[in-house]
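This report introduces a protein structure to a reader who has not met it before. The sequence and the structure are shown first, and the description follows.

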Amino acid sequence: MKKGVEYRGIVKEIKFPNKGIVDCGEDGEAIVKNVIPGQKVRFMVNKKRAGRCMGRLLEVEEKSELEDALWVCPHFGECGGCSYQSMSYENQLELKKNQVKEIIDEVVSSNYQFEGIIGSPNQWEYRNKMEYTFGDEFKDGPLALGMHKKGSFHDIVTVDGCRITNKDYNLILTTVLHFFQKRNMPFYHKVRHDGYLRHLLVRRTSKTQELLVGLVTTSDATYEAKAEIDKLVEELKNLELSATLKGVVHIINDDIADVIKCNEMRILLGEDFIYEELFDLKFKISVFSFFQTNSLGAEVLYSKAREYVGDTKDKLVFDLYSGTGTIAQMMADVAKKVVGVEIVEDAVEAAKVNAKLNGLDNCEFIAGDVLKVIDDIEDKPDLIILDPPRDGINPKALTKIINYNVDKLVYISCKPTSLARDLVVLQESGYKVEKVCAVDMFPNTVHVETVCLLYKENI
């Protein structure tokens with residue numbers, strides 16, 4: 001295959017998360033993203049690396065037999081958010097289940113119980129947080145607000161018909177977009193570093209039915225007018241929403257990088273936080289708080305983790321990479337003590353607030369890198385729960401975790417390939433994989449969570 005040349009082929013399989021292996025007959029094979037097994041595709045080779053050709057999808061010429069969904073989002077194929085919407089949910093789950101099992105089977109050296117996959121309670125309207133970007137649908141086009149177009153750094157798709165969010169999101173998005181379109185407000189240009197509008201953040205809880213809206217702009221005095229922003233707040237207040245609007249905040253971000261940061265925050269309405277409930281626990285969530293994006297799915301995920309953890313009576317539990325302490329607090333009422341370690345300081349502060357909110361006095365949350373912090377913890381755990389970021393556990397930190405020599409580990413992973421890498425080390429260190437279960441927290445997307453139970457052999 002030659003770089004810059006178009007080819008056609010059949011997608012024969014998908015390697016997690018979305019790398020399609022396309023068979024082009026005599027021309028060989030190529031890796032093409034955003035495809036589904038069985039599709040006939042046209043693509044252009046744009047990279048050659050380590051003897052493998054990588055292509056950019058140009059067109060799906062024939063659908064796969066797996067694509068049997070009765071109806072998909074109007075933005076599907078253009079928005080970069082969902083890749084599997086054209087498949088029924090049953091086919092999505094089957095594909096993800098097989099991907100996880102294949103990855104784990106390649107590294108697990110002994111018999112283990114694969115428990116399949118547990119689906120999300122809701123396939124649609126499950127997200128409790130969205131981060132929308134202001135921009136234009138094409139260069140010098142009209143103002144848009146939504147998600148990045150698939151494969152594009154600049155173009156924005158106005159996702160006012162998104163199906164993985166509640167209709168409240170679409171109503172708020174449309175209201176904010178029309179408000180600024182009427183006033184000809186410019187978006188922040190990432191190349192020129194000028195403009196005003198940057199992002200719109202919306203959080204909506206599932207259990208408590210509360211809404212929090214955050215408008216992110218620059219501090220450019222040319223466009224900033226408090227009276228105008230106050231008018232927007234009034235429009236939001238008058239919307240017929242299914243949830244209660246608890247707060248609207250204005251976030252100032254003058255950072256050059258295209259990331260959502262807060263240089264200053266102004267509360268325009270109500271509070272800068274909302275509450276959500278998981279199981280019988282209550283959690284205070286701010287605009288920037290880390291919280292599982294699928295609240296009902298999180299209960300499924302954590303129920304499986306708690307099942308794997310088993311009896312914790314009179315035991316000291318370490319929750320490493322603890323985030324806002326959701327798992328730690330879930331374990332606290334049936335454990336002697338839970339120690340959570342998290343590198344993001346804001347998340348640790350939120351965990352402390354939530355533990356107090358839930359009346360838990362046997363949780364300790366420590367801010368810092370797991371690699372460094374565990375050297376200074378005097379407590380010795382009876383069991384360890386691991387929930388690291390997508391890239392998995394730092395190898396040096398993993399060695400220190402292994403040295404605790406606990407008889408049981410529960411590893412929660414949002415990227416099964418990272419889990420597989422760490423399982424190799426854990427098995428070499430005397431741990432045996434007992435059970436694995438996939439949990440779909442992100443329907444219609446390529447992502448999947450995995451929970452793994454390991455026991456120490458020959459203790």
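## Strands, sheet and cores

V11 stands opposite V22 in β2. This pair is a suitable place to begin a reading of the structure, which is a predicted model. Strand β1 covers residues 6-15 and strand β2 covers residues 19-23; the two run antiparallel and are joined by five bridges. A hairpin of three residues leads from β1 to β2. P17 lies in the loop between these two strands, and the peptide bond that leads from F16 to P17 is cis, its omega being near 0 degrees.

Strand β2 also pairs with strand β3 (residues 29-33): five bridges link them, and their course is antiparallel. Here G20 is the residue opposite V32 in β3. Five residues separate β2 from β3 in their hairpin, and G25, in the turn, has a positive phi of about 65 degrees.

An open sheet is built from eight strands in the order β6-β21-β22-β20-β19-β16-β17-β18, and its pairing is mixed. Its edges are formed by β6 (113-118) and β18 (363-367), each of which pairs on one side only. From one strand to the next, the twist averages 15 degrees. At the β6 edge, four bridges connect this strand to β21 (residues 431-439), and the two run parallel. Within that pairing, Q113 is placed opposite K435 of β21. Helix α1 (residues 89-105) packs on the sheet, where it touches β6, β21 and β22 (449-456). The direction of α1 makes about 150 degrees with that of β6.

The strand pairings described with their bridges are set out below.

| Strand pair | Bridges | Direction | Opposed residues |
|---|---|---|---|
| β1 and β2 | five bridges | antiparallel | V11 and V22 |
| β2 and β3 | five bridges | antiparallel | G20 and V32 |
| β6 and β21 | four bridges | parallel | Q113 and K435 |

The interior is considered next. In soluble globular proteins, nonpolar side chains tend to be buried together. Which residues touch the most other members of the largest nonpolar core? In this core of 79 residues, they are Y132, F134, I172, V176, F180, L200 and L236. Helix α2 (residues 167-182) supplies the largest share of the core, with seven residues. When neighbours within four places in sequence are set aside, L236 is in contact with I172, T175, V176, V213, L241, L245 and V248. A second core, separate from the largest, holds 44 residues, among them L320, I366, V370 and L419.

Two loop residues deserve attention for their backbone angles. Most residues other than glycine have a negative phi, and most peptide bonds are trans. H193, although not a glycine, has a positive phi near 60 degrees. The position of H193 is in the loop that lies between α2 and β10 (197-204). Is H193 buried or partly exposed? With a relative accessible area of 39%, H193 is partly exposed, because values from 20% to 50% lie between the limits for buried and exposed.

N405 likewise has a positive phi, near 60 degrees, in a residue other than glycine. The loop that contains N405 runs between α8 (395-403) and β20 (408-413). The relative accessible area of N405 is 41%, so N405 is partly exposed.

How values were computed:
Residues are numbered from 1 along each chain as its sequence is written. This is a predicted model: local features need pLDDT of at least 70, side-chain atom pairs count only at pLDDT 80 or more; totals for chains, interfaces and linings use all residues. Side-chain values use heavy atoms; hydrogens and water are left out. Two strands pair if DSSP finds at least two bridges between them. Axes are lines fitted to C-alpha atoms, for helices over the stretch in contact, and angles run from 0 to 180 degrees between N-to-C directions. Contact means heavy atoms within 4.5 Å. A nonpolar core is a set of buried Ala, Val, Leu, Ile, Met, Phe, Trp, Tyr and Cys residues joined through side-chain atoms within 4.5 Å. Buried means under 20% relative accessible area, exposed over 50%, partly exposed in between (1.4 Å probe, protein chains only).
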